[in-house]
Amino acid sequence: MRYIAFALLMLAPFFASAAITKADEVVVYKSKSLMQLKKNGRVLKSYKVSFGDNPRGHKVQQGDERTPEGRYTLDWKNPNSRFYRSIHISYPDKRDKARARRLGVNPGGDIMIHGIKPQWTGMADYLKKMNWTDGCIAVNNREMDEIWAMVDTPTPISIYP
């Protein structure tokens, strides 16, 4: 009996990870402050999200505090982000860089889905009610843990106005 209990204890992490359904797409609706994780077109999970201070319109340049719009890829994860955890969005793409060149501006970068700074955890409910990032997509840290587990890289992300 002891051997069975030991075997189950050793195999538990494998069963736990197998139970998590992985998203194959992330969809964001800026006008609704909504992010959905989807699998085969079916919504697995929805989150209320926060954006940059200036959320309307597509990101054009560094410092405009806008979140990009369009189709990108979630291409890498940062477990040591200063905003708890973060998943990178592949902005700027070729079109974004070309537009910025034409305008003579820096397109910016480092656009992420992320949680909140650990020292801000007491403000999580307050931060949900406002746009406060520099152009990223923010959730609370519990939600970031769920997203982290459900989204592998690379995964496509579509961001709509």
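A polar contact here is a pair of N or O atoms within 3.5 Å, where one must be able to donate a hydrogen and the other to accept it. Keep that in mind for the stop at Asn140. One caution before you start clicking: this is a predicted model.

**The whole chain**

Start with a cartoon view. You should find four helices and eight strands, running along the sequence as α-β-β-β-β-β-α-β-α-β-α-β. Switch on a surface and you are looking at about 9300 Å² of accessible area, 55% of it from carbon and sulfur atoms. Of the 161 residues, 40% count as buried. If you like contact maps, note that among contacts with a separation of 6 or more, 62% join residues 24 or more positions apart.

**Into the main core**

Next, select Met35, Ile89, Ile137, Ile147 and Ile157 and show their side chains. These are the residues with the most contacts inside the largest nonpolar core, which has 24 residues. Now colour β1 (25-29), β2 (34-39), β4 (70-78), β5 (86-89), α4 (141-150) and β8 (155-160): each of them supplies at least two residues of this core. The biggest contributor is α4, with four residues.

Stay with Ile137 for a moment and expand the selection around it. Leaving out residues up to four places away in sequence, Ile137 touches Val28, Met35, Val49, Ser50, Phe51, Thr67, Ile89, Met112, Ile113, His114, Ile157 and Ile159. A second, separate core has six residues, so pick out Ile116, Ala124, Leu127 and Ala138, which are among them.

**Along α4, and its cap**

Select α4 next. Which of its residues are buried? They are Asn141, Glu143, Met144, Ile147, Trp148 and Met150. Bring back the strands to see what lies over these buried residues: the cover includes β2, β3 (42-48), β4, β5 and β6 (112-114).

Now step back to Asn140, in the loop between β7 and α4. Is Asn140 buried or exposed? Its relative accessible area is 18%, so it falls under the 20% cut-off and counts as buried. Draw distances from its side chain: one polar atom lies 3.2 Å from the backbone nitrogen of Arg142, and the side chain also reaches the backbone nitrogen of Glu143 at 2.8 Å. The atom facing Arg142 is a side-chain oxygen, and with it Asn140 caps the N-terminal end of α4. Beyond its sequence neighbours up to four places away, Asn140 touches Gly115, Ala124 and Lys128.

**Out to the surface**

For a change of scenery, select Met123, Tyr126 and Met130. Together they make a nonpolar surface patch of about 290 Å². Met130 is in the loop between α3 (124-127) and β7 (137-138). With a relative accessible area of 31%, Met130 is partly exposed.

**Last stop: Asp53**

Finish at Asp53, in the loop between β3 and β4. Asp53 is partly exposed too, at 44% relative accessibility. Measure across to Asn131: the two C-alpha atoms are separated by 5.1 Å, although the residues are 78 apart along the chain. Which residues does Asp53 contact, leaving aside neighbours within four places in sequence? Show Glu65, Asn131, Trp132 and Thr133 and you have them.

Terms used. Residues are numbered from 1 along each chain as its sequence is written. This is a predicted model: local features need pLDDT of at least 70, side-chain atom pairs count only at pLDDT 80 or more; totals for chains, interfaces and linings use all residues. Side-chain values use heavy atoms; hydrogens and water are left out. A nonpolar core is a set of buried Ala, Val, Leu, Ile, Met, Phe, Trp, Tyr and Cys residues joined through side-chain atoms within 4.5 Å. Buried means under 20% relative accessible area, exposed over 50%, partly exposed in between (1.4 Å probe, protein chains only). Contact means heavy atoms within 4.5 Å. Patches are made of residues with over 30% relative accessible area and no salt bridge: like charges are joined within 9 Å, nonpolar side chains (Val, Leu, Ile, Met, Phe, Trp, Tyr) within 5 Å. Accessible areas come from the Shrake-Rupley method with a 1.4 Å probe; for residues, only the protein chains shown count as cover. A salt bridge is a side-chain nitrogen of Lys or Arg within 4 Å of a carboxyl oxygen of Asp or Glu.
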